[in-house]
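Subject: The structure I promised you

Hi,

Here is the structure we talked about, for you to open and turn around while you read. Have a look at it before you go on to my notes.

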Amino acid sequence: MSARGLSFAAFDVETANADRGSICAIGVVVVRDGILDGTYSWECRPPAAVDYFSAFNTSVHGITGDSVAGAPRFGDVWPQVLEVIGEFPLVSHNAAFDTGAVRKACDHSGLPWPVIRFGCTMVWARRHLDLVSYRLPMVSAALGVELVTHHDAAADAAAAAGIALELAARTGSGTIDALAEAMETRIGRITETGWDGCRRVGKRKIDRLVAPGTAADVDPDHPLYGQVVAFTGGLMSMTRQGAMNAVARCGATAAKAVTRRTTLLVIGDGFTGADPSAFTTGKAARASELRAKGFGIEVLTENDLLELLAQEAPTESPSASSAVSVPPHPGLVGTQPPM
């Protein structure tokens, strides 16, 4: 697979706990002129303010406090990552989460935000494909891209690179900017004083019902804004009510049943697939039935939900001059970091 002339760096991060800045692994894959030209991987201890591992996060990626006990901290590894990335634009699957994690980890470490441009293969896949789930394994499979070990940072970065190359080949795009334009999105940017995400060009038309009482300052570009979200199965990281409250704060409607208005179904109990018919609950069966009739219900895992909840509105005035410990999202349960 190649897309002649396309050069970029794909990246992925894994986090130790509910704090976005608790980065414990980083993967980078460099693509030069459409060819994979280098794979890099780092494990690190999270910044000191958030250096603890939750059972949920460890269950996702397998990294523990013991396994990184002898590794350098994020702040010591990050300059090496920037050296590898160089002047390349970045690509990530769900870049809003990965770039948000980098910004927060830099805040915790007393480091300036990097100056980078980035695209999101999840955003682009939603513009190009019609899938039940836009998680990395599902998009990779749909495009014939190899994903060796999901939630291994280097493997996830390689899959994101493959997705970008395949989409570029399909659209005849020779640069990341051209690919973003072909997908009707704009490139995301981070500077030392602000950031904006990889988003659809123009103001998004909201044609779904927004929950009554939604805060006026909720970001209308948040991926949960205007969605109707149902839940099935138990969640490890938060209570059901906590999850419903959390999505409501993002402008979504938390529904108790799956109906024709449902747009997202969050499946718990450790579900990692995409086909709701593989999960034996009435809500999952109803979602499968409605999808078969043409209703576009997207399936999320618990980890997908957490990544969406971690996203925030763009800012022009970050408090990047000092490291601040941010507690887990309201509704999360588990051990808190030492104070």
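Below is what I found in it, going from the whole chain to a few single residues.

First, a warning: this is a predicted model. The protein chain has ten helices and 13 strands. Of its 339 residues, 53% are buried. If you take contacts between residues at least 6 apart in sequence, 72% of them join residues at least 24 apart. The chain exposes about 14,600 Å², and carbon and sulfur atoms supply 52% of that.

Now the big sheet. It is an open sheet of seven strands with mixed pairing, and the order is β3-β2-β1-β4-β5-β7-β8. Which strands stand at the edges? They are β3 (35–43) and β8 (194–196); each has a single partner strand, so one side of each has no neighbour in the sheet. On average, neighbouring strands here are turned by 25 degrees against each other, if you ignore direction. β1 and β2 run antiparallel and are joined by eight bridges. To find your way along that pair, look for E14, which stands opposite A25 in β2. Helix α3 (residues 95–109) packs on the sheet, and its direction makes about 70 degrees with that of β1. The strands that α3 touches include β4 (90–92), β5 (116–120) and β7 (188–191).

Next, the inside. As a rule, nonpolar side chains in soluble globular proteins tend to be buried together. The largest nonpolar core here has 61 residues, and F8, I23, I26, V28 and W124 touch the most other members. Helix α6 (residues 153–171) gives the largest share of this core, nine residues. Another core, of 19 residues, lies apart from it, with A243, C250, A252 and L308 among them. What does I26 touch, leaving aside its neighbours within four places in sequence? Its contacts include Y40, W42, F74, W78 and A153.

Strand β12 (residues 264–267) is a nice one to look at closely. In a regular strand, side chains alternate between the two faces of the sheet. In β12, L264 and V266 point one way while L265 and I267 point the other way, and all are buried. β12 pairs in the parallel sense with strand β10 (residues 228–232) over four bridges, and also with strand β13 (residues 298–301), again parallel and over four bridges. V266 is a handy marker: it stands opposite F231 and opposite L300 in β13.

Finally, two residues to click on. R20 lies in the loop between β1 (8–15) and β2 (23–32). Is R20 buried or exposed? It counts as buried, because its relative accessibility is 17% and the cut-off for buried is under 20%. Its side chain reaches the backbone oxygen of A310 at 3.4 Å. Not counting residues up to four places away in sequence, R20 touches T15, G100, A101, K104, A310 and E312.

The other is G75, in helix α2 (residues 74–85). With 24% relative accessibility, G75 counts as partly exposed. G75 and P46 are 29 residues apart in sequence, and their C-alpha atoms are 8.5 Å apart in space. Beyond its neighbours within four places in sequence, G75 is in contact with S109 and L111.

Cheers

Methods: Residues numbered from 1 in each chain as written. Predicted model: local features only at pLDDT ≥ 70, side-chain atom pairs only at ≥ 80, totals over all residues. Heavy atoms only, no water. Core = buried A, V, L, I, M, F, W, Y, C linked by side-chain atoms within 4.5 Å. Buried < 20%, exposed > 50% of the residue type's maximum accessible area, 1.4 Å probe, protein only. Helix = DSSP H or I, 4+ residues; strand = E, 2+ residues; numbered from the N terminus. Contact = heavy atoms within 4.5 Å. Polar contact = N/O pair within 3.5 Å; in protein donor to acceptor, adjacent residues only side chain to side chain. Pairing = 2+ DSSP bridges. Axes fitted to C-alpha atoms, helices over the stretch in contact; angles between N-to-C directions. Areas by Shrake-Rupley, 256 points an atom, 1.4 Å probe, with all protein chains shown as cover.
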